[in-house]
Amino acid sequence: MDAEITLRVDGRPRQCTVDTRTTLLDTLREHLGVSAPKKGCDHGQCGSCTVLLDGRRVTTCLAFAVAQNGAEITTAEGLAGDGEHPMQRAFLDHDGFQCGFCTPGQICSAVGMVDEARAGWPSAVTPDVAGSVDIDDLDDAEIRERMSGNLCRCGAYVNIVSAIREAAR
Amino acid sequence: MTDLLRPHAVATPVERLDGPAKVTGTAPYAFDHAVPNPAYLHPLQAAVARGRVTDIDTRPAEELDGVLAVLTHRNAPRLASDEDAELAILQSDEVAFRGQFLGAVIAETPEIARQAASLVRITVDEQEHQVQLRADHRQLYVPEEVNPTFPTDTSQGDVDLAARDAAITVDERYTTAWYHNNPMEPHSTVALWQDATLTLYDSTQGAHPVRTAIAPVLGLDPEQVRVIAPHVGGGFGSKGTAHAHLILAALAARELPGHWVKFALTRQQMFSLAGYRTPTIQRVRLAADHEGRLSGIGVDAVEQTSRFKEFAEQTGIPARTMYAARNRRSTHRLAPLDVPVPSWMRAPGECPGMFGPEVAMDELATACGLDPIELRIRNEPHVDPESGKPFSSRNLIACLRDGAHRFGWDGRDPTPRGRRDGRWLVGTGVASSTYPVHYIPGSAATVRYLGEGRYRVEVSATDLGTGARTVLAQIAADALGVGVERIELGIGDTALPVATVAGGSSGTISWGSTIVEAARIFRHEYGDNPSEGDEAAGTTPENPAAERFAMRAFGAQFAEVRVHEDTGEVRVPRLLGVFAAGRIINPRTARSQLIGGMTMGLSMALHEESVLDPRFGHIVNHDFAEYHVAANADVGALDAHWIDEDDPHVNPLGAKGIGEIGIVGTAAAIVNAAYHATGVRVRELPVTLDKFLH
Ligand code: FES
Ligand code: FES
């Protein structure tokens, strides 16, 4: 079964017809030619397909496109096309990647994560998990915990953490 | 023979030239290439480990709207060569391992292809299979050589005798698990068959090597195959050799000439179709006097191969060359199993082969009452024990000392279970790293002057994330005496001059030396004031010193491990590596490669294990939810350093490879630290919590 949907992707309205079985990730990549989100697992286990969906980080391989009609999507490319968004710049400065395949997902996830921390959301390593967190308390342990949904097989984690630490300041 | 014109760009931390493309997600990996109106392939796979296909009913799939073709062994064309049994797919009804390709559905959309594949009914006459590696496997055999061309067994003196006469011996069995490379980018190919040529956007560690491997299988001349691979999302060896999905994609494209066919393995499919590291069982024997001086070293490795194609991991190799001892022995035995064929995974041989011996050295240090660093220093050889040649440079001791200093090793109380922090038992451990210098001939490069001080340099190298694109531009800049921004580099395309595989930590030194040679010829022919369009070509220069010296990189890794007294949970808050690898071309990307290798080593030590179901012959934890690779929270303070090493003999760059050494020794350092923390000696990877609970 097909459905007609409209998305706003990186600031542009995009219309398309999708099979109702099509994931948001495949819609972006195969229908709209938006290939910044990558497919590392298709099962919500690696984070490489992460985008900001209505401002929150989401793994697009776990979302059906048909359920996202009207959604506002920002990919790594949409953060800044020249790579100079502060989070992208921090990843460049700290060499927070090698092959770069997980990177668009890491960067979207990092931007979403910092917003979550700014909003006071606690994580599993926050001293009071029922309380809230202050952005100034976003130490390495917090960053590592909150970024553990984004795998990097090249093993760039220590550089990713220092990049995010700097960008979150 | 160091003859870089002026090291100017080389040895500086140039930012990755493809960095902006990667942080925006616009660098095109294989599956990202926009092609018009593509078709999608979904494979059919064997659900048993051994047998014969007696029936394949493809009709329900063919009747589905949007299905363009269904391929099975019944209608697939005959391949021109079945020499490589892994690539000779769809040629018979035989099933040699679970997950094997039995066919493919090609459809207008990925959803239709997958649905149609699920409708194909495959009947198999199942036969008894053997999939479990055991040290006492009845069919163990002696391979003719081990990967790539090392002798299977070596022996000098008599290790048995040395062990009998020694004051102190270690004789233990160590095992490493079954590992999957799992690069983040799945193996992907986008194929077009048109006018008797095959074009592939491919995720590979070598465009030319892929072409060389698949052209004869398809009955094509190499010139009829074009492979394009500008960006590759990691490989770690699994994209270093051609795997069967390439042939399946090519056959599908041939079925639909003029039509692009896209095929990416799913993460699950990668566990049976993209290579892996064999599990190993290692008997390690060390014989020494009371002062820890080794008189004998023996490593006997048992590993698996597939029954249909042999791969023999060279696990015993590092012990042949690491420490001095008069009596030495190393052997390899293979169990032929009904499993997928093992292949390269980051530092084949060295990675598993430095686990057993480096843990055994720690056991020997304990037995002798010696500091493990001192034990290694006492057994430092003056020449390569295997060949008798001098090392072109060997700075293991400098790495151990520098690392000890940085890590705060001095004054360490060697008593196991001597330090605690609340309920956490805390320990530290050390192990050595080594990796050979593979300087591989056979690449070619061209240099062309574009005018206005700019040059185009071409060599079909690959950048898997190593930084090759950046590092080669640095080398070219210095060789031509201009700034990096004046170099336009072309890589990753068989339309460019041939290059060898990005494997064996050989890329930078082999391709880089080739560029230096092409630049030398260019300058010789055109001087300092070339005209636009002037062009010169060069090939990998021979290294006359290669015959005279043994060439290896060395390193030392230090780990702090915490084991929870009640739960057995293992954490690695600190990991430090110090390496001696010749000249470091780009400190920024080099550090990333080294910490990346160490992170993968930590992952191997604590988490990774492909779990086989012996009843069905498949890997049960075949995804990222259950095959755990280290995540961000698993990694603590981890850092890599290197010492200045000037090696005039290795190659024109004075550099050694660094892509693999980072993973060598990590697991041993962690196991040794875990022993120090708990007094429990783990000899079986991974070091999971159950191993500390008794
Ligand atoms: S591709 Fe979506 S989480 Fe892995
Ligand atoms: S940079 Fe390669 S997987 Fe993260």
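A search of the whole structure, which is a predicted model, identifies 60 salt bridges over all chains. Among them is the pair formed by Arg307(B) and Asp338(B), whose closest N and O atoms are 2.8 Å apart. This pair links distant parts of the chain, the two residues being 31 residues apart. Arg307(B) is placed in the loop between strand E16 (294-306) and strand E17 (327-337) of chain B, and Asp338(B) in the loop between E17 and helix H8 (350-353) of chain B. The two partners differ in burial class: Arg307(B) is partly exposed, with a relative accessible area of 35%, whereas Asp338(B) is buried, at 2%.

A salt bridge within a helix is formed by Glu374(B) and Arg378(B), with the closest N and O atoms 2.8 Å apart. Both residues belong to helix H10 (residues 372-378) of chain B and are 4 residues apart, about one turn of the helix. In general, an α-helix has 3.6 residues a turn, so residues three or four places apart point the same way. Glu374(B) is partly exposed, with a relative accessible area of 28%, and Arg378(B) is likewise partly exposed, at 29%.

A further salt bridge joins Arg394(B) to Glu380(B), again with the closest N and O atoms 2.8 Å apart. Here the pair links distant parts of the chain, 14 residues apart, with both Arg394(B) and Glu380(B) in the loop between H10 and helix H11 (396-407) of chain B. Arg394(B) counts as buried because its relative accessible area, 12%, falls under the 20% limit. Glu380(B) is also buried, with a relative accessible area of 15%. Beyond these pairs, a network of salt bridges links Arg417(B), Arg420(B), Arg423(B), Glu565(B) and Asp566(B).

Charged residues also form a surface feature on chain A. Asp134(A), Asp136(A), Asp137(A) and Asp139(A) make up a negative surface patch. Of these residues, Asp137(A) is located in the loop between helix H4 (103-118) and helix H5 (140-146) of chain A. Its relative accessibility of 46% places Asp137(A) in the partly exposed class.

Buried positions were examined in both chains. In chain A, Ile73(A) is part of strand E5 (residues 72-74) and is buried, with 0% relative accessibility. Apart from residues up to four places away in sequence, Ile73(A) touches Leu7(A), Arg8(A), Val9(A), Asp10(A), Leu24(A), Leu28(A), Val51(A), Leu52(A) and Leu53(A). The C-alpha atoms of Ile73(A) and Cys108(A) are 11 Å apart in space, and the two residues are 35 residues apart in sequence.

In chain B, helix H3 (residues 110-119) contains the buried residues Glu111(B), Ile112(B), Ala113(B), Ala116(B) and Ala117(B). The cover over these buried residues includes elements of both chains. From chain A, strand E2 (12-19) and helix H1 (24-31) contribute. From chain B, the covering elements include strand E1 (39-45), helix H2 (59-62), strand E3 (67-72) and strand E5 (101-107).

Contacts between the chains are also found at Ser592(B), a residue of helix H14 (residues 587-606) of chain B. Ser592(B) is buried, with a relative accessible area of 3%. When neighbours within four places in sequence are set aside, Ser592(B) is in contact with Asp95(A), Gln98(A) and Asn159(A) of chain A, and with Arg16(B) of chain B.

Several backbone features were also noted. The peptide bond from Asn147(B) to Pro148(B) is cis, with omega near -10°, and Pro148(B) is situated in the loop between strand E7 (145-146) and strand E8 (150-151) of chain B. Another cis peptide bond joins Leu685(B) and Pro686(B), with omega about -5°; Pro686(B) is in the segment after helix H15 (666-678) of chain B.

Positive phi values occur at residues other than glycine, including Asp42(A), with phi near 65°, and Ser505(B), with phi of about 50°. Asp42(A) is in the loop between H1 and strand E3 (50-53) of chain A and is partly exposed, with a relative accessible area of 23%. Ser505(B) is in the loop between strand E22 (487-490) and helix H13 (507-526) of chain B and is buried, with a relative accessible area of 12%.

Key:
Residues numbered from 1 in each chain as written. Chains lettered and ligands numbered in written order. Predicted model: local features only at pLDDT ≥ 70, side-chain atom pairs only at ≥ 80, totals over all residues. Heavy atoms only, no water. Patch = residues over 30% accessible without salt bridge, like charges linked within 9 Å, V, L, I, M, F, W, Y side chains within 5 Å. Areas by Shrake-Rupley, 256 points an atom, 1.4 Å probe, with all protein chains shown as cover. Salt bridge = Lys/Arg side-chain N within 4 Å of Asp/Glu carboxyl O. Lys, Arg positive; Asp, Glu negative; His and termini not counted. Charge placed at Lys NZ, Arg CZ, Asp CG, Glu CD. Buried < 20%, exposed > 50% of the residue type's maximum accessible area, 1.4 Å probe, protein only. Contact = heavy atoms within 4.5 Å.
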